[in-house]
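Dear colleague,

I am handing over the structure we spoke about, with the sequence alongside. Please look through it first, and then read the notes below.

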Amino acid sequence: MDANEWDHRYDTAAYVWHTEPNQFLPALIDDLAPGRALDLACGEGRNAVWLARRGWSVTAVDFSEVGIEKGRRLAAESDVDVEWVVADITTWTGRSETYDLVIIFYVQLPADERAAMLGTAATALAPGGRFVMVAHDLSNLDDGIGGPQDPTVLPTPELIRVDLMSGGPADLVIDRAELISRAVETETDDGTKQAIDCLVVAHRG
Ligand SMILES: C[S@@+](CC[C@H](N)C(=O)[O-])C[C@H]1O[C@@H](n2cnc3c(N)ncnc32)[C@H](O)[C@@H]1O
């Protein structure tokens, strides 16, 4: 989907992704002291605002102006400041060696664009900084539920690891590269089913 399509999707009074952080985020960063964070493809800002409320100094980037505007509103309602940037994360370069935390949640891009985004993400990490990415995994197509049905935008932990190692700094260390599951309520008799996501956590040495 391009920026106009995302603008259209976000053009609702309600938040499409709700206002609470992604269910996996708190446990993935709970051990970190607040510092500078970068949220790539922040959508309507739920994760960025949650981090800011915990004391992080957050830069949040998305190419949807409507999504960013909703993020601004959420930040104002939460009485926190976030640096909002409307930009395409496959070409935006931002600041290098700056962030103690870089997060990417559910950004499903073709291989060349994903590699560009991951190169930027890894380069943006300050020494010791943590990288966290969660996405719909390729195996979700056959074994999970929901998410994009186009295999060309579905990564695996290994594909993300390779992109990070080839586009990032030499001292990048992969801590986790694995599949995780998420319960999804269906509206059929099937009840709850498991969606399959990939998770990659890394840090700069
Ligand atoms: C599924 S939403 C996830 C939003 C957010 N990360 C969250 O978890 O709430 C995917 C987001 O990626 C953004 N996006 C997709 N491609 C992008 C690109 N090339 N540059 C910037 N943002 C992009 C969309 O605008 C959308 O907000």
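**How H3 and H4 lie together**

Helices H3 and H4 are roughly parallel to each other, a description that follows because their axes cross at roughly 25 degrees and angles under 35 degrees count as roughly parallel. Please keep in mind that this is a predicted model. H3 covers residues 46-53 and H4 covers residues 65-78, and their axes come within 9 Å. The crossing in which H3 passes H4 is right-handed.

On the H3 side the contact is made by Ala48, Val49, Ala52 and Arg53, which meet Gly71, Leu74, Ala75 and Ser78 of H4. Sorted by character, the residues of this contact comprise five nonpolar, two polar and one charged.

**The sheet**

There is also an open sheet, formed by seven strands in the order E3-E2-E1-E4-E5-E7-E6, with mixed pairing. Its edge strands are E3 (83-86) and E6 (172-185), each of which pairs on one side only, and from one strand to the next the twist averages 15 degrees.

Within the sheet, E1 (residues 36-40) pairs with E4 (residues 99-105) in the parallel sense, over four bridges. If you would like a place to find this pairing on the screen, Leu38 has Val102 in E4 as its bridge partner.

The helices described above can be placed against these strands. H3 packs on the sheet, where it touches E1, E2 (57-62) and E4, and its direction makes about 175 degrees with that of E2. H4, for its part, lies across E2 and E3, and runs at about 170 degrees to E3.

**Met133**

One residue of the sheet deserves its own paragraph here, namely Met133, which lies in strand E5 (residues 125-136). Is Met133 buried or exposed? Met133 counts as buried, because it has 27 C-beta neighbours inside 10 Å, and 20 or more are needed for that label. Leaving aside residues up to four places away in sequence, Met133 touches Ile104, Ile160 and Val200. Trp17 is 116 residues from Met133 along the chain, and the C-alpha atoms of these two residues are separated by 17 Å.

To go through the model in order, you could begin with the H3 and H4 contact, in which Ala48 and Gly71 are among the residues taking part, then move to the pairing of E1 with E4, and finish at Met133 in E5.

With best regards

Terms used
Residues are numbered from 1 along each chain as its sequence is written. This is a predicted model: local features need pLDDT of at least 70, side-chain atom pairs count only at pLDDT 80 or more; totals for chains, interfaces and linings use all residues. Axes are lines fitted to C-alpha atoms, for helices over the stretch in contact, and angles run from 0 to 180 degrees between N-to-C directions. Helices (H or I, at least four residues) and strands (E, at least two) are DSSP runs, numbered from the N terminus. Angles under 35 degrees count as roughly parallel, over 145 as roughly antiparallel, 65 to 115 as roughly perpendicular and the rest as oblique. A crossing is left-handed if the near helix is turned anticlockwise from the far one by less than a right angle, and right-handed if clockwise. Two residues are in contact if their C-beta atoms, placed from the backbone, lie within 7 Å. Ala, Val, Leu, Ile, Met, Phe, Trp, Tyr, Cys and Pro count as nonpolar, Asp, Glu, Lys and Arg as charged, and the others, Gly among them, as polar. A residue is buried if 20 or more other C-beta atoms lie within 10 Å of its own, exposed if 12 or fewer, and partly exposed in between; C-beta atoms are placed from the backbone. Two strands pair if DSSP finds at least two bridges between them.
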